[in-house]
Amino acid sequence: MDTLMRHFKQGDWIFHEGDEGECAYIVEHGSVAIVLERADGHITLATYGEGTLFGEMAIIDQKPRSAGAIALKDCSLRAITRAQLNHRLERADPILKICIQVILKHLRKTLSQIHSPEPTKVSSHVAHLNETHHVLDSKDQHLTQVVNPIVDVVQPTEQAVQSMAETIGQAMSEANPLMATDVFSEAIKTLHLEQELQVALTERQLKLYYQPIVRLSDGLIVGFEALMRWIHPEKGMISPAVFIPIAERSGQIVEMTYWALREASSQLKQFQNVQKGYWGTQYAPLFMSVNFSGRDFLDGRFLDEIQHALQSQDLPPKSLKLEITESMLMLSPEEVQRVLGICQSYGASVAIDDFGTGYSSLSYLQSMPADTLKIDQSFVRTLHKNDRHLALVESILHLAGRLGMLTVAEGVETAEDVDTLRKLGCDLAQGYYYARPMPTEQVLAWMEKQTEKFPKI
Ligand code: C2E
Ligand code: CMP
Ligand code: CA
Ligand code: CA
């Protein structure tokens, strides 16, 4: 039996105004009227037919039913439970959550004004309110209803964000005092940063820093990782740990990745030329690691961009490395596997980043087209303090060796780390012990210094 299907006869009350709400409903058959119950008769706010949702307000804002609902015909309604709605709301973008709270607050306020005795006022309110139907069969329309208020309110200035913060903050604390104010202020900050990031993209405030990756046996430079920096005109340098997650959520990351890919590829060409100038061709050409996000793989231009980066700079095979995390592999393993396979066929190399921190399933390691494994710095940093981590790193290195993968230890900070990792047979290392991420000019100076240890030819 379908316990979430509810049946009502024509004229039955589904719920009354002021009742406690226990679920929302989707009309599967029949139709429903939403009414304000008044001593001198009902005011019909809306009639809902098949495929529409109602009764959501009391579930979302946990206040009494804002209106009554009555069956206009025999109806079958599917109940949407509080848990089902809350689960989705909890995962929603904080800005959208705020907007929903604000809309609900305005709607409740307007509904309470309809209870005023002047009938002319009532009819104009009703006409206005009837424009706010929630039609489920058009997702876009529903979304537009939620998103439009953001577009109307938000101005890309600090002042406007501040005044929005005050208005919404007040509305929210009235609408839902449980919504923590720091959640709210974080959400507003994010919104502001997202707008500033857009400016940063057009005004070239983003920069790439390059961190050398060396051969563990003797410290010879073999490549770099490109790491993004945001040089904000007032706030100074902003960490990628702050702005990358924002860009991922807003979708801006895709353009940022393509920019980094082009920039890093052309920079690599210069570094390779310097390498040739110093050491001829006695060492393999330097490689460049570029970080990717899950969203990048969903973009239709992804493969073209990779191919273009490799061809336009005429890079030797394997000198461009795509760094991807385990969680991205888990998103859609077959699709990611297919796309990465094509990247490799173009000549790119693929590294699994932060290995050991995601939901590692060892079985995918052998099927994934990846040739490099980067051991996360959390294991490297505790190598000497934690025997279990030592055992883990040892096993990871053994496994990678058996699969023929190149290994890179991240976050190498001390001579002791170097010593242990060397003994364990790790191939490459990256960390403050050797060099921090640096802008191009400093990288060139650092490479020059390497010639003391590895003489020019
Ligand atoms: P990640 O890819 O794991 O990059 C390594 C991070 O470790 C970098 O932080 C680097 O500066 C830091 N690091 C390197 N050596 C050491 C060390 O010896 N000790 C310590 N404590 N840290 C070390 P960073 O540059 O702040 O980047 C943080 C994260 O932001 C990156 O982690 C990556 O996930 C993300 N990110 C950076 N640039 C990009 C980018 O262009 N695209 C994408 N999608 N993500 C990026
Ligand atoms: P809830 O408050 O849970 O119960 C009554 C429902 O009527 C409410 O959720 C909305 O789904 C719907 N509703 C409230 N006000 C209006 C309105 N002005 N126009 C259309 N539907 C409304
Ligand atoms: Ca990385
Ligand atoms: Ca990493």
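## Helices α11 and α13

Helices α11 and α13 are roughly parallel to each other (a label for angles under 35 degrees; over 145 is roughly antiparallel, 65 to 115 roughly perpendicular, the rest oblique). Their axes come within 10 Å and cross at roughly 20 degrees, with axes fitted to C-alpha atoms over the stretch in contact for helices, and angles running from 0 to 180 degrees between N-to-C directions. Helix α11 covers residues 302-312 and α13 covers residues 333-346; helices (H or I, at least four residues) and strands (E, at least two) are DSSP runs numbered from the N terminus. The crossing of α11 over α13 is right-handed (the near helix is turned clockwise from the far one by less than a right angle; anticlockwise would be left-handed).

On the α11 side, Phe 302, Leu 303, Ile 306, Gln 307 and Leu 310 make the contact, and from α13 come Val 339, Ile 342, Cys 343 and Tyr 346; contact means heavy atoms within 4.5 Å. That patch splits into 8 nonpolar, 1 polar and no charged residues (Ala, Val, Leu, Ile, Met, Phe, Trp, Tyr, Cys and Pro are nonpolar, Asp, Glu, Lys and Arg charged, the others, Gly among them, polar).

## What you're looking at

This is a predicted model, where local features need pLDDT of at least 70 and side-chain atom pairs count only at pLDDT 80 or more, while totals for chains, interfaces and linings use all residues. Residues count from 1 along each chain as its sequence is written, chains are lettered from A and ligands numbered from 1 in the order written, and side-chain values use heavy atoms, leaving out hydrogens and water.

## Helix α9 and its two partners

Helix α9 (residues 253-279) also packs on α11, at an angle of about 10 degrees with the axes 9 Å apart. At that angle, α9 is roughly parallel to α11, and the crossing is right-handed. Tyr 258, Leu 261, Arg 262 and Ser 265 of α9 touch Phe 302, Glu 305, Ile 306 and Ala 309 of α11, giving 5 nonpolar, 1 polar and 2 charged residues.

Further along the helix, which α18 residues does Val 274 touch? Setting aside neighbours within four places in sequence, Val 274 contacts Leu 444 and Met 447. Its C-alpha also sits 8.9 Å from that of Glu 448, although the two are 174 residues apart in sequence. Those contacts belong to the packing of α9 on α18 (residues 440-453), whose axes come within 11 Å and cross at roughly 20 degrees. That makes this pair roughly parallel, and α9 passes α18 in a right-handed crossing. The contact residues divide into 7 nonpolar, 6 polar and 1 charged.

## Two calcium ions sharing a residue

The calcium ion (ligand 3) has protein donors Glu 225 (OE), Asn 291 (OD1), Glu 323 (OE) and Asp 353 (OD), at 2.2 to 2.3 Å. Donors are N, O and S atoms within 2.8 Å of the metal (3.2 Å for Na, K and Ca), and water is not among the atoms, so sites may look incomplete. Asn 291 lies in strand β12 (residues 287-291) and Asp 353 in β14 (residues 349-355), so this pair ties together parts 62 residues apart in sequence.

Which residue bridges the two ions? Asp 353 does, with the calcium ions (ligand 3 and ligand 4) lying 3.9 Å apart. The calcium ion (ligand 4) is coordinated by Asp 353 (OD), Asp 354 (OD) and two entries for Glu 410 (OE), at 2.2 to 2.4 Å. Here, Asp 354 in strand β14 is linked with Glu 410, 56 residues away in the loop between β16 (406-409) and α17 (415-424).

## Two open sheets

One open sheet has 4 strands in the order β2-β7-β4-β5, with antiparallel pairing (strands pair if DSSP finds at least two bridges between them). Edge strands β2 (13-15) and β5 (41-48) have a single partner each, so one side of each is left without a neighbour in the sheet. Neighbouring strands are turned by 35 degrees against each other on average, ignoring direction. Strands β4 (residues 32-38) and β7 (residues 68-71) share 4 bridges, with Val 35 opposite Gly 68.

The other open sheet runs β1-β8-β3-β6, with antiparallel pairing, and its edges are β1 (5-8) and β6 (53-54). Strands β3 (residues 23-29) and β8 (residues 75-81) are joined by 6 bridges, and Ile 26 has Arg 78 as its bridge partner. Helix α2 (residues 82-91) lies across β3 and β8, at about 50 degrees to β8.
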